[in-house]
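Colleague: Could you take me slowly through a single helix and the strands that it packs against? I am in my first year, so please explain each term as it comes up.

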Amino acid sequence: MENYGGESTCYEGMILADEELNEEYLDLLEYTNSLEKPNYIGAFCNVDFSGSIVIRPDGSLCKCWAEVVETSDAGISINSETNNVLHFIKQVKHSIERLSCENCIIYPTCAGGCKYKNYTISECNARRRMVLSTICRLYFKEKIKSDTFYKILNNEMLWLRSIGCKVQYRNKGIEISRIDLPTTDFNFYIGADGDKKCIRLSQKMKDFTLYDHCLVAQGYKRDSDYDINYFYSNSEKNVVDDTYVFEENTLDIWVNDGFVRKNNRYTKYYTIRYGRDIVGKFSVVITDIVGIYDFAIYENNQGFGHGTKVLRSLMTRTGKDLFIQTWSDNYVAQRCYEKAGFIKYELVYRYIRNE
């Protein structure tokens, strides 16, 4: 029962796509963190994961096709309870063969390579990068469940993808890039890595003050302009305000701003109708929080309080917490959001490296 095609190339995709497997992998991470010293835990291939084990002719289980000829363990078979099978998959069996593994920060979550092949240093480094990326994304996913900071950050990453940005999860942070728009608005790194041209930090991040001082000491300059994320907690049931009609549009009809946009299942695009008039537009990214983007009241409709009223109306319809972002020098937007009921949640700074 092995999806065998030589060495596994689907490791990261399989981990991220399978909810049950995510949970098992997080259990494995918790287990390895409890160890006093590294322990070898098996081959780096499909057989390390549930649903990909080898069944001998007598029904007993082993972790690799190369172990079929070894003595059967009658205690574990295809008829054993699922928990026992999973325990068998994660069982520590082999001793460390490499001194370098003892000092590796992710061993044995990398599964230690394969006992049937000595990997080169370049192969080991490739696996290290892949596992660290996976751990970062899984950690990020877990934090989203309960932490407003991560909910907002995840929502924003989905929006950045929708406007054509490449979002890459690294072992120490998240890298955002867009080649056709080489500005710091769409090309930055989230995290305290002093080897990037533009680094973005939130004041809500742990050790923000320390990171701020370190970056300045390394020659970075904090941009005088910064982002402000506003948050609204939709904890009470509100009477729906239908003063405005929000008409959902397809992307090709809605967009006219020159951005290369991409459809995805999280993003919706709306125009705002007030009576017979279309007075503005906005988009939303819907996860476990609703992010409001591209919010605009058309120029000939400004000055009548539509912005505040539209946001209040939207608050009564989502049933979820909301957030919206603006620049530090956009005082009109700030007054509008605060008047509608949003509170200032976090300040997000950019640090530019002096060339």
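Modeller: The buried residues of α7 pack against three strands, namely β6 (198-202), β7 (220-222) and β14 (343-353), where contact means heavy atoms within 4.5 Å. Helices (H or I, at least four residues) and strands (E, at least two) are DSSP runs, numbered from the N terminus. This is a predicted model, in which local features need pLDDT of at least 70 and side-chain atom pairs count only at pLDDT 80 or more, while totals for chains, interfaces and linings use all residues. Residues are numbered from 1 along each chain as its sequence is written, and side-chain values use heavy atoms, with hydrogens and water left out.

The helix α7 itself covers residues 208-217, and its buried residues are F208, D212 and L215; buried means under 20% relative accessible area, exposed over 50%, and partly exposed in between, with a 1.4 Å probe and protein chains only. These three lie on the same side of α7, because they cover an arc of only 70 degrees around the axis, the arc being that of the directions from the helix axis to the C-beta atoms. On the other side of α7, by contrast, L210, H213 and A217 are exposed. Just after the helix, G219 takes a positive phi of about 100 degrees.

Turning to the strands, two of them count as paired if DSSP finds at least two bridges between them. β14 pairs with β6 in the antiparallel sense over 5 bridges, and in this pairing I199 has Y351 of β14 as its bridge partner. With β7, β14 again pairs in the antiparallel sense, over 3 bridges, and here the bridge partner of Y220 is R353 in β14. β14 also pairs with strand β8 (residues 227-232), in the antiparallel sense and over 5 bridges, with F231 standing opposite I343 in β14.

F231 leads on to F342, since F231 is among the residues in contact with F342 once neighbours within four places in sequence are left aside, and others on that list include Y230, Y232 and I292. F342 is also one of the members that touch the most other members of the largest nonpolar core, which has 58 residues. A nonpolar core is a set of buried Ala, Val, Leu, Ile, Met, Phe, Trp, Tyr and Cys residues joined through side-chain atoms within 4.5 Å. Helix α6 (residues 148-162) gives the most to this core, with 8 residues.
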